[in-house]
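Welcome! Take a moment to look over the sequence and the 3D view, and then let us walk through them together.

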Amino acid sequence: MRTPTELAQVFREKQLKLTPQRQLLFNLLHDNESHPTAESLFEIASKQMPGISLRTIYQTLGELAEMKELQLVDIGNGATRFDPNMSEHQHFVCDSCGAIHDVDITSAPKLRAGSADGFAVEEIGVVFRGRCGRCNQGDQSRQTTKRSPGLQAKNKAS
Ligand SMILES: [Zn+2]
Ligand SMILES: [Zn+2]
């Protein structure tokens with residue numbers, strides 16, 4: 001995605017509506033690696049600009065997607081995510097917290113759609129699933145806190 005300033009320029013040139021609300025969205029999306037949903041953007045935007053409508057968010061996202069400034073990411077759990085990173089990449093999804101991270105695949109996976117006779121495959125999407133670094137760490141600290149009361153009890157008993 002282009003910078004908010006460049007986008008404002010493009011919107012002006014295309015004579016698209018350029019409002020402070022839209023410019024706020026450009027700012028929120030620029031360098032945003034969290035793959036937000038329209039609703040989560042709405043939530044954040046509302047805090048900074050009360051009164052902004054979900055409709056404006058959808059409209060702006062739609063326009064940016066049409067202009068190829070954003071891509072839509074569907075990781076199969078319903079909500080469409082928006083990704084300003086237009087370079088070719090895949091996604092890692094944390095099953096624990098739902099965070100989505102960009103993953104670069106250096107070589108294209110050699111997959112062939114076995115039963116896809118007559119299908120023209122244009123793109124292969126890979127979603128990695130597991131637990132993100134934060135959730136992995138959280139698990140480890142939970143284990144230690146779980147262990148310590150047990151240790152204390154044991155000490156008391158002896
Ligand atoms: Zn996680
Ligand atoms: Zn991404």
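A good place to begin is D31, which counts as exposed because it has 10 C-beta neighbours inside 10 Å, and a residue is called exposed when there are 12 or fewer. Please keep in mind that this is a predicted model. You will find D31 in the loop between helix 2 and helix 3. Its backbone is worth a look as well: the phi of D31 is positive, near 60°, although the residue is something other than glycine. Going along the chain, D31 follows helix 2.

There is another residue of this kind to visit. Q15 is not a glycine either, and its phi is positive at about 55°. It sits in the loop between helix 1 and helix 2. Q15 counts as exposed because 7 C-beta neighbours lie inside 10 Å. Here are the two residues side by side:

| Residue | Phi | Loop | C-beta neighbours inside 10 Å |
|---|---|---|---|
| Q15 | about 55° | between helix 1 and helix 2 | 7 |
| D31 | near 60° | between helix 2 and helix 3 | 10 |

**Helix 2 and its partners**

Which residues of helix 2 are buried? Helix 2 covers residues 20-29, and its buried residues are R22, L24, L25, F26 and L29. These buried residues pack against helix 1 (4-13), helix 3 (38-48) and helix 4 (54-66).

Let us look at one of these partners, helix 1. The axes of helix 1 and helix 2 are 9 Å apart, and the two helices pack at an angle of about 140°. That angle makes helix 1 oblique to helix 2. The crossing in which helix 1 passes helix 2 is right-handed. On the helix 1 side, the contact is made by P4, L7 and A8, while helix 2 brings Q23, F26 and N27. Of the residues in this contact, four are nonpolar, two are polar and none is charged. F26 appears here again, having already been named among the buried residues of helix 2.

**The whole protein**

Now step back to the full view. The protein has five helices and five strands. Followed along the sequence, they come in the order α-α-α-α-β-β-β-β-β-α. The protein has 158 residues, and 15% of them count as buried. What share of the contacts between residues at least 6 apart in sequence joins residues at least 24 apart? The share is 48%.

Methods
Residues numbered from 1 in each chain as written. Chains lettered and ligands numbered in written order. Predicted model: local features only at pLDDT ≥ 70, side-chain atom pairs only at ≥ 80, totals over all residues. Helix = DSSP H or I, 4+ residues; strand = E, 2+ residues; numbered from the N terminus. Buried ≥ 20, exposed ≤ 12 C-beta atoms within 10 Å, placed from the backbone. Contact = placed C-beta atoms within 7 Å. Axes fitted to C-alpha atoms, helices over the stretch in contact; angles between N-to-C directions. Parallel < 35°, antiparallel > 145°, perpendicular 65-115°, else oblique. Left-handed = near helix turned anticlockwise from the far one by under 90°. Nonpolar A, V, L, I, M, F, W, Y, C, P; charged D, E, K, R; others polar.
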